[in-house]
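These are my notes from an afternoon with one model, taken in the order in which I looked things up.

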Amino acid sequence: MTRRRVSGMARNLVFCKLAGLACIGIALAQSDAPEDESEIRAAVAAMADDFLNNRTVQPFAPQLTLEEAYRWQDEMVEILGPTLGDVVGYKTGGHSPGPANPNFPAGGIRAQLLSGMFLEDGAAVRLEDMGADSFLEADFAFRVGSADINDAETELEILAGLDAVVPFAEIPDPTSEPDGNGMIRGVVGNMSTRIALAGEPVPIEATQEWLDRLNTMEYAVLDENGTVIQRATMADWYRPIDAVRWLRDHLQSYGKNLMPGQLLSLGNLGINRPFFDGTARGDVYTGNRYHVEYYGLKDSGEPATVTINVIRSEDQ
């Protein structure tokens, strides 16, 4: 994939236009820390411009607190809005066992899902449109059914505020230059969320049996030939309702409540595969179909599913 490079002056003029800054004919001053809010806004606009134009995201200079970073995430989402649409849900990560992601805050991270990020289940994506660090991610989501979830206390009360499990898969695109400010960039940059696919929702009930089912369900990724790439169980991963509680509480700490119909993506299921060499996300995925199956959720015995098809240049 071709990456377009532009001069620092040209980039700065673009950023000034995006951020509404009066700096025609001059470059933005470079510094280790922002001098004022307009400088932060310009840096966020620069990141958004790179992301929307599928360029490598450049290092993010502003040194922000975590609270400030989430406030500027909202600014990022506003800039993305005209292209990627309205907020239709949220995602979280960092709740899985194992080594912590160095670009995630301790305890977890959250981002916002926009309507234009979603493709139809089974849609095809072109490899040439993917960033160098883009990867396939098996995920898991709920749909909010009631605003009562905002006041729910017990696990069953939280479950009662949800009305469906949603098979979910993503293609995040964290393609960026090395950055010592990676955690803040990850928060402001909305967790590099680019493409999402949701399968057919599976209705759920607020019962202990359903809670047990969710905590122990098995899942797998299969390729176009039906070959199992990896199979695992939620019992060895995170507890879904715990992730929902964290996400809800974190949103409320910023004055946001969940609303019926919103999707809540709870984080990867440990089956991620990069498209290209050079990342630390495991073996490069060479298949043309990334098909996620979730077992034990449907009374019919059939798996719940979501599928991403991949178009490679040699396939065209």
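Entry 1. I began with helix H6, residues 208–216, where I found Trp210, Leu211, Arg213, Leu214 and Asn215 to be buried. I then looked for what covers these buried residues of H6, and the list includes strand S5 (135–144), helix H4 (155–160), strand S6, strand S8 (202–203) and helix H7. I note here that I am reading a predicted model, not an experimental one.

Entry 2. I stepped back to the whole protein chain, which has seven helices and 14 strands. Of its 316 residues, 50% are buried, and the chain exposes about 14,100 Å², with carbon and sulfur atoms supplying 48% of that area. Among contacts between residues at least 6 apart in sequence, I noted that 76% join residues at least 24 apart.

Entry 3. Which residues have the most contacts inside the largest nonpolar core? That core has 50 residues, and the ones I was after are Phe140, Phe142, Leu162, Leu264, Tyr290 and Tyr294. I followed Leu264 further and, leaving aside residues up to four places away in sequence, found that it touches Tyr90, Phe140, Ala141, Phe142, Val144, Leu162, Val244, Leu247 and Leu258. A second, separate core holds 25 residues, including Val44, Phe60, Tyr70 and Leu80. For context, I recall that nonpolar side chains tend to be buried together in soluble globular proteins.

Entry 4. I turned next to helix H3, residues 66–84, which bends by about 25° at Glu78, with a proline, Pro82, following within four residues. Its buried residues are Ala69, Tyr70, Trp72, Gln73, Glu75, Met76, Val77, Leu80, Gly81 and Leu84. Against what do these buried residues of H3 pack? I found helix H2 (37–52), strand S1 (87–93), strand S2 (109–114), helix H5 (182–188) and helix H7 (240–252). Just after H3, Gly85 takes a positive phi of about 90°.

Entry 5. Last, I looked up Asp173, which lies in the loop between strand S6 (162–171) and helix H5. Is Asp173 buried or exposed? Its relative accessible area is 4%, so I count Asp173 as buried, the cut-off being under 20%. The side chain of Asp173 is joined to that of Ser134 by a polar contact of 3.1 Å. Not counting residues up to four places away in sequence, Asp173 touches Phe51, Asn54, Gly131, Ser134, Ser192 and Arg194.

Technical notes
Residues numbered from 1 in each chain as written. Predicted model: local features only at pLDDT ≥ 70, side-chain atom pairs only at ≥ 80, totals over all residues. Heavy atoms only, no water. Bend = angle between axes of the 7 residues up to and from the residue. Helix = DSSP H or I, 4+ residues; strand = E, 2+ residues; numbered from the N terminus. Buried < 20%, exposed > 50% of the residue type's maximum accessible area, 1.4 Å probe, protein only. Contact = heavy atoms within 4.5 Å. Areas by Shrake-Rupley, 256 points an atom, 1.4 Å probe, with all protein chains shown as cover. Core = buried A, V, L, I, M, F, W, Y, C linked by side-chain atoms within 4.5 Å. Polar contact = N/O pair within 3.5 Å; in protein donor to acceptor, adjacent residues only side chain to side chain.
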